[in-house]
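Me: I would like a close look at one part of this protein. Please explain the terms as you go.

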Amino acid sequence: MNINLSRLAIAMLTATLALAGCSATRPVVSEWSHPGYSSASFKRIMVGGVDRKTSIRRIFEDEFVAQLRSAGIDALPSYRHIPEDEKIEEAKIKQAAQQAGADAVILARAVSIEQKTDYGPSYYPVPVFGIFGSHGGAMWSGPYGAPSPHRYDVYTSETTLYDLSKNELVWTATVKTAEPDNTNTATKRYVEAIIKALNEKNLLGTKK
């Protein structure tokens, strides 16, 4: 299956916490952390999001920077140091981060896309009776006929934390998400999930 990388990156960087609209679903499906790494205390972190679409990259990086600063960690977006029309590569962002005085990098990138299909019941209309009397409206209620298919895309992305002072890969996580309805809300939730996962392992040096 051909993968539209631009569409995949946009959905990955702005994805909701939920698959198919379930906000309670945990998006981080797997994690790895350096077994011998001690608790971190980063002074400055550069954030990079893999996408050539300027607006999406800025939204993602700015949201991450804002949440890190709220947690007491100085952070900066990569778009201020790497031209927005250039592809973000690991070596390039590490070099830019060191030149900007950062001692860590958080990098998010798209991995794959997969189409899913769910089957739910069809519905038939029945009259609605409210507590203030009946009215002529109708609501969809009760299964009727053959199940109807619902198709949606599931995006797999990877977010990685590097310690530049030690030149070590500290943590990486695989995230599965569905395409969002609202870019800003979805991005906020995505970032919250990643920061929560990092704090659970005490990899940011902030209070849980």
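What follows is a reply about helix 4 and the core it contributes to, with helix 3 beside it in the account.

Reply: This is a predicted model, in which local features need pLDDT of at least 70 and side-chain atom pairs count only at pLDDT 80 or more, while totals for chains, interfaces and linings use all residues. Residues are numbered from 1 along each chain as its sequence is written, and side-chain values use heavy atoms, with hydrogens and water left out.

The protein chain has four helices and eight strands. Helices (H or I, at least four residues) and strands (E, at least two) are DSSP runs, numbered from the N terminus. In sequence order the pattern is α-β-β-α-β-α-β-β-β-β-β-α. Of the 208 residues in the protein chain, 41% are buried. Buried means under 20% relative accessible area and exposed over 50%, with partly exposed in between (1.4 Å probe, protein chains only).

Helix 4 covers residues 183-200, which is 18 residues. From first C-alpha to last it reaches 26 Å, close to the 26 Å expected at 1.5 Å a residue; the expected span is 1.5 Å times one less than the number of residues. Its buried residues include Ala-186, Tyr-190, Ile-194 and Leu-198. After helix 4 comes Asn-202, with a positive phi near 55°.

The largest nonpolar core has 28 residues. A nonpolar core is a set of buried Ala, Val, Leu, Ile, Met, Phe, Trp, Tyr and Cys residues joined through side-chain atoms within 4.5 Å. Among the residues with the most contacts inside this core are Phe-64, Trp-171, Ile-194 and Leu-198. Strand 2 (44-49), helix 2 (54-70), strand 4 (104-120), strand 8 (168-178) and helix 4 each give two or more residues to this core. Helix 4 gives the most, with six residues.

Ile-194 shows what such a residue touches. Setting aside neighbours within four places in sequence, Ile-194 is in contact with Val-28, Phe-64, Thr-159, Trp-171 and Val-175, where contact means heavy atoms within 4.5 Å. Apart from the largest core lies another, of 13 residues, including Ile-82, Ile-93, Ala-97 and Leu-164.

Ile-93 and Ala-97 also appear among the buried residues of helix 3 (residues 90-99), together with Lys-94 and Ala-96. Seen down the helix axis, these buried residues fall within an arc of 165°, so they line one face of helix 3; the arc is that of the directions from the helix axis to the C-beta atoms. The face turned away from the buried side carries the exposed residues Ala-91 and Gln-99.
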